[in-house]
Amino acid sequence: SKAHSGQAKIKHDPPLVSLKKASGVERLQDYQDWLDGIQKKLNYKDMEGKIVQSYKHDGVACALYYTKGKLTAAGLRHKDVLENVVYVSGVPSQLPIPISCSIRGELECLISVFNEIKANWEEPKYGLERNPANTRNYTTGSIRQYKDPSITRTRRLQFVGYSMENIVFPSNYKGFIPKTKQEQAKWANKE
């Protein structure tokens, strides 16, 4: 029988890693130690152009994988969620250009949506057993609906992408090919 989302493991390239909370001057050394550890783990000689720093989204890390423009895999850190992620806003099943790539980002629930659902959590359409405590736990539980992935649709999650990895353009592509992370971000927002 076919493995359902959540039963199958997924391996990410590069690895999908977690960020520690960093606040205050005393955490700068922790941050540098974390960067040094990532550099060593990934076997990089230097980190130039390899790390993009941005604000921390309070969501659930997810990677989407496209082959010739078609969504073919999606995963949390170790779990396959392809059957669930098709119900998330901001996740196209087909890209406008038939590239192969992975898109890294966060699954999130807007505060306004969360507050509405929290106020009406007992409605059967949400499929909730209890009132959700916070947006991150709500998002985690919503994407992990492995027995019935369609429940994810009622949870009104969104995907916010922040990077593209392993981009392969078709050989007949005549447009601009972005090389840096900044060029990729500008290109992705136009396409």
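Start with the whole chain in view: of its 191 residues, 37% are buried, where buried means under 20% relative accessible area, exposed means over 50%, and partly exposed lies in between (1.4 Å probe, protein chains only). The model is predicted, so local features need pLDDT of at least 70 and side-chain atom pairs count only at pLDDT 80 or more, while totals for chains, interfaces and linings use all residues. Residues are numbered from 1 along each chain as its sequence is written, and side-chain values use heavy atoms, with hydrogens and water left out.

**Stop 1: the overall layout**

Switch to a cartoon view and you will find six helices and four strands. Both kinds are DSSP runs numbered from the N terminus: helices are H or I with at least four residues, strands are E with at least two. Following the sequence, the order is α-β-β-α-β-α-α-α-β-α.

**Stop 2: helix α1**

Select residues 28–41, which form helix α1. This helix has 14 residues and reaches 20 Å from its first C-alpha to its last, close to the 20 Å expected at 1.5 Å a residue; the expected span is 1.5 Å times one less than the number of residues.

Now show the side chains of Trp-34, Leu-35, Ile-38 and Gln-39, the buried residues of α1. They cover an arc of only 135 degrees around the axis, so they sit on the same side of α1; the arc is taken from the directions from the helix axis to the C-beta atoms. Turn to the other side of α1 and you meet Lys-40 and Lys-41, which are exposed.

Pause on Ile-38, which has 11% relative accessibility and so counts as buried. Pro-15 is 23 residues from Ile-38 in sequence, and their C-alpha atoms are 10.0 Å apart in space.

**Stop 3: two asparagines**

Most residues other than glycine have a negative phi. Asn-43 has a positive phi of about 65 degrees although it is not a glycine. Look for Asn-43 in the loop between α1 and β1 (60–67), where this residue is exposed with a relative accessible area of 69%.

Next, select Asn-166 in strand β4 (residues 158–168). Asn-166 is not a glycine, yet its phi is positive, about 50 degrees. Its relative accessibility is 46%, so Asn-166 counts as partly exposed.

**Stop 4: an aromatic pair**

The structure holds two aromatic pairs. Rings of Phe, Tyr and Trp (its six-membered ring) pair if their centres lie within 6.5 Å; planes under 30 degrees apart count as stacked, over 60 as edge-to-face and the rest as tilted. For one of the pairs, select Phe-114 and Tyr-138: the ring centres are 5.8 Å apart and the planes are at 65 degrees, so the pair is edge-to-face. Phe-114 belongs to helix α3 (residues 111–119) and Tyr-138 to helix α4 (residues 135–143), so the pair ties together parts 24 residues apart in sequence. Phe-114 is buried at 5% relative accessibility, and Tyr-138 is buried at 3%.

While in helix α3, click on Val-113, which is buried with a relative accessible area of 11%. Its C-alpha is 7.4 Å from that of Arg-156, 43 residues away along the chain.

**Stop 5: the second largest pocket**

Finish by selecting Leu-128, Glu-129, Arg-130, Gly-141 and Arg-155, which lie nearest the centre of the second largest pocket among its 13 lining residues. On a 1 Å grid over the protein atoms alone, a pocket is an open set of points where a 1.4 Å probe fits, with protein on both sides within 12 Å along at least five of seven lines; lining residues have an atom within 4 Å of a point. The space in this pocket is about 370 Å³.

Terms used
Points joined across faces, edges and corners; volume = space filled by probe spheres on them.
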